[in-house]
Amino acid sequence: METVISVETGGRLVAWVSSYLAIGPFLAWAMVFPFKGPRTPEIDRVFLTSLALRPRGTMGRQPCPTHAPGDVAAMATLLLRVLRPLSRLLGGHCPAEGVSLRAGIHGASLLYPDHIPTSPLQKALLAAGSAGMALYDPYRHDMVAVLGETTGYYTLKVLRDQMRRDPEGAQILQERPRISLATLDMDKLRSLPEGSFGCEYLRFLEVNRVSPDTRAPTRFVDDEELAYVIQRYREVHDMLHTLLGMPTNILGEIVVKWFEAVQTALPMCVLGALFGPVRLRAQSLQVLVSELIPWAVQNGRRAPCVLNLYYERRWEQPLAALREELGITVPPLDMRVLS
Amino acid sequence: MAAPRSCVLWSYCVRRWSRLMRTGGPQWLHSSLPGGSLGVRLLSREKQATETHFGFETVSEEEKGGKVYQVFESVAKKYDVMNDMMSLGIHRIWKDMLLWKMNPLPGTQLLDVAGGTGDIAFRFLNYVQAQHQRKQKRQLRAQQNLSWEEIAKKYQNEEDLLGGSRVMICDINREMLKVGKKKALDQGHKAGLAWVLGDAEELPFDDHKFDVYTIAFGIRNVTHIDQALQEAHRVLKPGGRFLCLEFSKVNNPLISRLYDLYSFQVIPVLGEVIAGDWKSYQYLVESIRKFPSQEEFKEMIEDAGFQKVTYESLTSGIVAIHSGFKL
């Protein structure tokens, strides 16, 4: 039963479409005719591939079995055709074994220590799931982080290129400083004069009872440098709170998100800025829309990219001078009044 | 037919000794004897050779126990929610089918190993209670009066609603047991339950104690499955039944493809979104692939000494219930 079918583009397209149309009866047939007995990889391959329709070109590299049961071959080839385009979407999910993606998690293809390789489908599911969960349970900060990682790939590239063009940013990319309790010299920060950036930052951490160690490591970004960029963005978030003078209540967080959205254009920031206010009271919402958001957007537009600042070298700089350098004005109202 | 006590003691000692020897033995044994170093080298070579799988990773056997413990410690709180999400609620039907297959009568002593959150145990209690009530109703309808003891107990509110059935829940993980105890309180199960911290490979029970031994979705996490099966054989009474509900190999290739797709693409994502833990659920789906097929597992059960071993595949092989008898 040798049927030689040419696989130039037009023919491939027609076959692809017709296979989708044919999948219906095939599924019905497959449900009615369960494959009894022990399943072995050999039988898998026989069922799913056929000598006749082994494609020429780059569509697939499965090994050819030596025979296929006659009546199964035709149906099987249709299934193969259908599932092969899906395999790209599933990140190389190999039809016969399905091991390639799973094997990647352990050791071999990790780009950085916490990396978890994910297929495009998994990224889409993660983005949708994390967005929903973040809205449902605002305390799940890890979901916001995951949303940022899965949706921000192209924006992170733009950010990284822009960091490379700036001299201070390029230094950050090269030296890769991290902000955590281990790397911060708390005694030195405490000894700094009043009004300096380091002192204000420390005060912010103490007043709001936050610690720089609560940021989860990046996991789902498939590029090592971009993973660092998003990690730096997360660690710099607290600095932004200090610069803008915003507390860590929900109103303050939304204002900072608006600022970040204008500055970085990360999809996660944009979504957070747009959907964050959903849970606010009407009064806070009114204040937010009338005064805080315009102020945040103005400052975001005016300031150069905040990721380009080497904050670790600016602890001694007075906060007022730093704000002037970036063009950030004082907040329009006292945030303590609102919380 | 019970083995004499000295024989039991001897076999226990032998087991302990062999375990000790396997992990290198006490120091004095090595240093004092001239052949001691050779003995150590032999033992250490044997130790290096014992590696096993943790999902698709290869780890040493000592490590696997610890890693599995950590996995279940981190998933314990969301275990039931995740089960519902992952199996779309079908796991309840599977567990119900296990109970229907078991068909316990009042008076059965059940040992539920790796039964941390108590799903099987609670179903068992409900089943046995319903059976007991039905039996009493039948007796009354057939104009057989209850015995005086039963009537007296009823008036004193001391009657045993379970008709003498007891279930012992054994799990190696403290967190899972904690979650299970809380669930028992919430669902109102007070009588007939006992919670024991124990290792399936070395159960802290005497021989010939239980009528039924169940292990639901637990045996694939055990490092030495054959030892767990031997322990099961040991603690069962003659005539006792071994039941195992576990993920198995899907027989239909189309469904297998869809199942693989769902397992590897969706389940870790669900784990991350709902429980905040990708790696544990990756381990879960990988450990399912590593578990032997229905036939292989049946042979392993037969090797442990069980007779009349059968299996039933549910949902076209996604799970299978294996059953064997100690005769």
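Buried, in this talk, means under 20% relative accessible area. By that cut-off, 46% of the 339 residues in chain A are buried. One caution before I go on: this is a predicted model.

Now the overall picture. Chain A has 16 helices and zero strands. The exposed area is about 17200 Å², and carbon and sulfur atoms supply 61% of that. Next, contacts. Take those in chain A between residues at least 6 apart in sequence: 72% of them join residues at least 24 apart.

On to the surface. There is a nonpolar patch of about 510 Å². Its members are A:Leu135, A:Val270, A:Leu271, A:Leu274, A:Phe275 and A:Val278. Which helix gives the most to the patch? That is α13 of chain A, residues 267-275, with four residues.

A:Leu135 sits in another element, helix α5 of chain A, residues 120-136. Is A:Leu135 buried or exposed? Neither: A:Leu135 has a relative accessible area of 39%. Partly exposed is the band between under 20% and over 50%, so A:Leu135 counts as partly exposed.

Back to α13(A), this time for its packing. Two packed helices are described by the angle between their axes and the distance between the axes. Here the partner is α6 of chain A, residues 141-151. The angle is about 135°, and the axes are 8 Å apart. That makes the pair oblique.

Who meets whom? From α6(A), we have A:Val144, A:Leu147, A:Gly148 and A:Thr151. They meet A:Pro267, A:Met268 and A:Leu271 in α13(A). Note A:Leu271: this residue is listed in the nonpolar patch, and it is also part of the contact with α6(A).

Key. Residues are numbered from 1 along each chain as its sequence is written. Chains are lettered from A and ligands numbered from 1 in the order in which they are written. This is a predicted model: local features need pLDDT of at least 70, side-chain atom pairs count only at pLDDT 80 or more; totals for chains, interfaces and linings use all residues. Side-chain values use heavy atoms; hydrogens and water are left out. Patches are made of residues with over 30% relative accessible area and no salt bridge: like charges are joined within 9 Å, nonpolar side chains (Val, Leu, Ile, Met, Phe, Trp, Tyr) within 5 Å. Accessible areas come from the Shrake-Rupley method with a 1.4 Å probe; for residues, only the protein chains shown count as cover. A salt bridge is a side-chain nitrogen of Lys or Arg within 4 Å of a carboxyl oxygen of Asp or Glu. Helices (H or I, at least four residues) and strands (E, at least two) are DSSP runs, numbered from the N terminus. Buried means under 20% relative accessible area, exposed over 50%, partly exposed in between (1.4 Å probe, protein chains only). Axes are lines fitted to C-alpha atoms, for helices over the stretch in contact, and angles run from 0 to 180 degrees between N-to-C directions. Angles under 35 degrees count as roughly parallel, over 145 as roughly antiparallel, 65 to 115 as roughly perpendicular and the rest as oblique. Contact means heavy atoms within 4.5 Å.
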